[in-house]
Amino acid sequence: MTIRVLLADDDSDLRLSLKWTLDYDGRFAVVGEAGDGEETLRLVQEQQPDALVLDLKMPKLDGLAALPKLREAAPEMKIVVWSGVRIERQALLNSGADEVLEKVGENRSVATKLAELCSNKVES
């Protein structure tokens with residue numbers, strides 16, 4: 001089964017790089033991309049993806065403020081916060097994130113974590 005992923009980051013180059021990584025991996029289908037928090041929330045409501053990769057520092061509605069709304073919009077969706085902003089990990093998990101990764105290293109770590117979090121989808 002394919003894991004349906006939405007990418008939310010205001011940096012279009014980073015979104016493109018991560019999209020290429022996920023496309024190449026083969027387990028994922030990127031079903032949407034958003035450059036701000038309001039667009040992210042709208043796309044989550046419309047697409048109901050299996051997973052969301054969420055930047056924290058975005059215009060209109062930042063990722064931290066969006067987390068509870070996103071969790072409410074898609075309770076089963078896995079949310080991986082992927083950000084260069086350092087915020088206490090536990091606070092993000094308490095706000096609705098399933099995992100927190102820093103924007104350092106390679107995109108493969110995001111793919112690995114998404115596959116791990118969505119392992120029940122891959123197995124079905």
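Visitor: At about what angle do helix 2 and helix 3 pack, and how far apart are their axes?

Guide: Helix 2 and helix 3 (residues 63–73) meet at about 10 degrees, and their axes are 9 Å apart. The axes are lines fitted to C-alpha atoms, for helices over the stretch in contact, and the angles run from 0 to 180 degrees between N-to-C directions. Helices here are DSSP runs of H or I with at least four residues, strands are runs of E with at least two, and both are numbered from the N terminus. Before we go on: this is a predicted model, where local features need pLDDT of at least 70 and side-chain atom pairs count only at pLDDT 80 or more, while totals for chains, interfaces and linings use all residues. Residues are numbered from 1 along each chain as its sequence is written, and side-chain values use heavy atoms, with hydrogens and water left out.

Visitor: Why are helix 2 and helix 3 called roughly parallel?

Guide: Here's the scale: under 35 degrees is roughly parallel, over 145 roughly antiparallel, 65 to 115 roughly perpendicular, and the rest oblique. About 10 degrees is the angle for this pair, so helix 2 and helix 3 come out as roughly parallel.

Visitor: Which residues make the contact of helix 2 and helix 3?

Guide: Thr40, Leu41, Val44 and Gln45 come from helix 2, and Lys69, Leu70 and Ala73 come from helix 3. Contact means heavy atoms within 4.5 Å. By class, that makes four nonpolar, two polar and one charged. Ala, Val, Leu, Ile, Met, Phe, Trp, Tyr, Cys and Pro count as nonpolar, Asp, Glu, Lys and Arg as charged, and the others, Gly among them, as polar.

Visitor: What makes helix 1 and helix 5 oblique?

Guide: Helix 1 (residues 12–25) and helix 5 (residues 108–117) pack at about 55 degrees. That angle falls in none of the named ranges, so the pair is oblique. The crossing is right-handed: the near helix is turned clockwise from the far one by less than a right angle, whereas anticlockwise would be left-handed. Helix 1 brings Leu18, Thr21, Leu22 and Asp25 to the contact, and helix 5 brings Arg108, Val110, Ala111 and Leu114.

Visitor: In what order do the five strands of the sheet come?

Guide: The order is 2-1-3-4-5, in an open sheet with parallel pairing. Two strands pair if DSSP finds at least two bridges between them.

Visitor: What makes strand 2 and strand 5 edge strands?

Guide: Strand 2 (28–34) and strand 5 (99–102) each pair on one side only. From one strand to the next, the twist averages 20 degrees.

Visitor: How do you know that strand 3 and strand 4 are paired, and how many bridges join them?

Guide: Four bridges link strand 3 (residues 51–54) with strand 4 (residues 78–83), and the cut-off is at least two. One of the partnerships matches leucine 54 with valine 81. Likewise, six bridges join strand 1 to strand 2, where leucine 6 stands opposite glycine 32.

Visitor: Why is valine 81 called buried?

Guide: Buried means under 20% relative accessible area, exposed means over 50%, and partly exposed is in between (1.4 Å probe, protein chains only). Valine 81 has 0%, so it counts as buried. Leaving aside its neighbours within four places in sequence, valine 81 is in contact with residues including Leu54, Leu67 and Val100. Its C-alpha atom is 6.2 Å from that of glutamate 99, 18 residues apart along the chain.

Visitor: What makes strand 1 mostly covered?

Guide: Five of the six residues in strand 1 are buried. Helix 2 (residues 37–47) lies across strand 1 (3–8), strand 2 and strand 3.

Visitor: Is lysine 60 buried or exposed?

Guide: Lysine 60 has 63% relative accessibility, so it counts as exposed. The residue lies in the loop between strand 3 and helix 3, and its phi is positive, near 70 degrees, in a residue other than glycine.

Visitor: And why is glutamine 48 called partly exposed?

Guide: Its relative accessible area is 38%, so glutamine 48 falls in the in-between class. Glutamine 48 lies in the loop between helix 2 and strand 3, with a positive phi of about 45 degrees although it is not a glycine. Aspartate 23, at 37%, is partly exposed, and alanine 91, at 32%, counts as partly exposed too.
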